[in-house]
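Student: I have a structure to study and should like to understand the terms used to describe it. May I put some questions to you as we look?

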Amino acid sequence: MTDNMGANMLRNTLRTAATAAAASASFAATAAYDVDILPPASPIAQQIYDLHFAILWVCVGIFVIVFGAMFYSVFTHRKAAGAKAAHFHENTTVEIIWTVIPFIILIGMAYPATKTVLEMKDASNPDLTIKVTAYQWAWEYDYLQDGVKFNSLLSTPRAQIEEWDKKGEKKNADYLLEVDKPMVVPAGKKVRLLVTANDVIHGWYVPQLGVNQYGIPGFVKDTWFKADKPGTYRGQCSQICGKEHGYMPIVVVAKSPEDYATWVKEQKAASPAVMVASAAPAGAASPAEDPNKKWSADELKALGEKLYAANCLACHQATGKGVPPAFPALDGSKIATGPKGAQIALVLAGKQGTAMASFARLSDTELAAVITYTRTAWGNKAGEVQPSEVKAARKG
Amino acid sequence: MTAAAHAQDHAHHDDHAHHPTGIKRWLFTTNHKDIGTLYLWFSFTMFLMGGVMALLIRAELFQPGLQFVNPEFFNSLTTVHGLVMVFGAIMPAWVGFANWLIPMQIGAADMAFPRMNNWSFYLVVPAAILLVASFFVPGGAAASGWTLYPPLIIQQGISIDMTILAVHILGASSIMGSINIITTILNLRAPGMTLMKMPLFVWTWLITAYLLIAVMPVLAGAVTMLLTDRHFGTSFFNAAGGGDPTMFMHIFWFFGHPEVYIMILPAFGVVSAIIPAFARKPLFGYASMVYATASIAILSFIVWGHHMFTVGMPAAGNLFFMYATMLIAVPTGVKIFNWIATMWKGSMTFETPMLFSIGFLCLFTIGGFSGLVLAITPVDITLHNTYYVVAHFHYVLVSGALFAIFAGVYFWLPKWTGNMYSETLGKAHFWLSVIGFNIAFFPQHFLGLAGMPRRIPDYALQFAEWNMWSSVGAFIFGFSQLLFLYVVIECIRSGRKSEQLPWEGADTLEWTHLPTPAPYHTFETAPVVK
């Protein structure tokens, strides 16, 4: 049990009781009593929607007939109404009928479902292939043809989420469903996804596009979608993947093919330093990435702080105190205040059997910056690490 | 009523039966009724613990943002809530029913292995302690969901080893219990009690016991592999060492799907006893009910893949598991139709056991239909791991298994205690439960359709309204269960003697051949069943 839980709970029970009425009033303003699948935005999602619609109403129809009969019986065949019990039982004809009819109905459902399954599983002849790698807790999108690669992380500020001690800030309209850099795809094109994961199992789930695919570490699975028209489609990680599972949303922005081409050009031109929170291509020498450049400690620390917030803070906390024992403290830790080489190696490789993943996907400069930050922030005074040192460690 | 007179003689004789008193009676008991009672109270205790966890979850989800618990603790709550309710509440409750009822319903003096019976019970206690205590070790309780998927579960601390040990102990207990039940049913039936004359509760438990023996070792194997992956350098589920995380899912769900039938088949048996009793009319199709139960059990072994439509199985795999899963609707439908045909042209009264049975019938069917929706692979793609799934399995496990447990407790309380419960309070418990349950879980279908994933401590704003309703319903449902506790205690203490046959239509051996309350030892001489 965690330290802050008990006290927070008491305090918050009281506070919530007091503000429940006010809260319900404020939610009423944005009331969303949705009762259906979200509007489909891809051919497969449309088929899913239609299948669900049909099967739901068949079930409702059966329910009304069967339980209509039961409630008729409940109201008329009651002892209080003077009903005398009949004694019939066992009737083979009736039993055959109520076995065969459901079977026929099921065949009626299975036929269209089979067609959709076959179409859904056919990821051949794509216009575009994106490799999706899930991390605890970020998505990495690697555009295999277009040579664009970046990370996509939750962009909702912590201050809107955490309400343990005080009322949270006003929540954004897309609270928890917004990212720093969305996946951008051309509308009307068949996009094949190669989904995998780096650490644990995750699920790439965007309901409006009809995709829900586990990313399984060590294996690559494919799926596909075709966005009908330009728009923004949101989803979340669907498979529990640790403490930040609720905080790894997915945003897909479909653009017209021309706008998509422009976007690709912009991405290629952008330097990693500009793309701060989203990491640059791992190890790839993009134009602005110069691992041989010498940075000042302050420059590194400033960049490192931003990277820390995006990549490390969820576990190791803003205070550097972590949440021991699962997520150790960095403030005063042996690794963050010890030899540089050991820390670089750990960050590059991750640590087996723990939640510490490999961060080799960050560029040399970014890794140098974030390691420098952890070595110089809080009470740590271990000095900076230069990109060249990371580069050397990566090679070794 | 020669049978009743005979029963009274019996009671007189049995008064001479003596047993240790106080704590020793319960610690060393080999009596099936005492052990049944222990199981039932244990189950209720775990039900309350699991319920507290559920209410903490619903308190956190009352509104968006993090108010009460942090995400790690939230994940532990959902995980241990699931494990406690499945292994601590529902399964032991059914074993409690089996202990109390099977010997009396087949005319046996006790279970076949009374001492092993005692050991089966006293194994579940340390397992439960391990599960609950894991909250207090460094790193907190298991936080990977009750399915314990690696590699996530490998990341956690000692609580995982405690959970694995608990699962092993519970498995050993279940296997012993099952061997006991099967042996009792196959060997200790009274003369004339042929298999096709056994009450359906006995039949459903016979089939359930075989399911348990088939799948508990599979789960034990899976968690043992987790343990060696964690500590002994194996790589069963680690791709870097040649293993595959998907293999764990296959093994787990090969256990997990029959497991859900383990929890629901005895419920079918209880409802099949109660509906004919209150309709005063025999069960419509006894033989087809037996065959339907067996069919469901057999099918349960070939549908596990429907939990895995999103892992990326080939199309042929998806289609096989979809068809097999849809097929289960056929024998399940046969059961529903049979119960309704039993009620048809009966002479019904609606005491609490009947109310819970009718509640079971309607709500379990809703859970069955949502199961059919989820069986359709493409639809499952959009609903997998969303609140729709949460709603589905709570409809089958709460308004299914749990409501049947309540129905059974009210039905047999007079036989067990000799006293009559308060019908007014029983009915109040039913209505509060049914209303609270539906407010809590019906909106979760909508949340799932709108794409809200499960096992998240915080959610987007468009999910706020239904979550608030769901939390309100959960608290109504949760606190109603304290009323149930009160009804049972009040019944035991009231001294309101039950009639010999409180239910006009009840016709199984424990009602027709034994006094109420059932004496400590019953059927020392086997009855003859015609």
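Student: Which residue of β10(A) stands opposite A:Thr232?

Tutor: In this predicted model, A:Thr232 stands opposite A:Val253 in β10(A). Residues are numbered from 1 along each chain as its sequence is written, chains are lettered from A in the order in which they are written, and local features need pLDDT of at least 70, side-chain atom pairs pLDDT 80 or more, while totals for chains, interfaces and linings use all residues.

Student: What makes β9 and β10 of chain A a pair?

Tutor: Two strands (DSSP runs of E, at least two residues) pair if DSSP finds at least two bridges between them. Six bridges join β9 (231-237) to β10 (249-255) of chain A, so the two strands pair; they run antiparallel.

Student: Why are β4 and β7 of chain A called edge strands?

Tutor: The open sheet has the order β4-β10-β9-β6-β7 in chain A, with mixed pairing. β4 (183-186) and β7 (211-215) of chain A each pair on one side only.

Student: How do you know that the span of α5 (114-133) of chain B agrees with that expected of a helix?

Tutor: A helix is a DSSP run of H or I, at least four residues, and its expected span is 1.5 Å times one less than its number of residues. For the 20 residues of α5(B) that gives 28 Å; the end C-alpha atoms are 30 Å apart, which agrees.

Student: Which residues of α5(B) are buried?

Tutor: Buried means that 20 or more other C-beta atoms, placed from the backbone, lie within 10 Å of a residue's own. Among those that qualify in α5(B) are B:Phe121, B:Val124 and B:Leu131.

Definitions and conventions: Buried ≥ 20, exposed ≤ 12 C-beta atoms within 10 Å, placed from the backbone.
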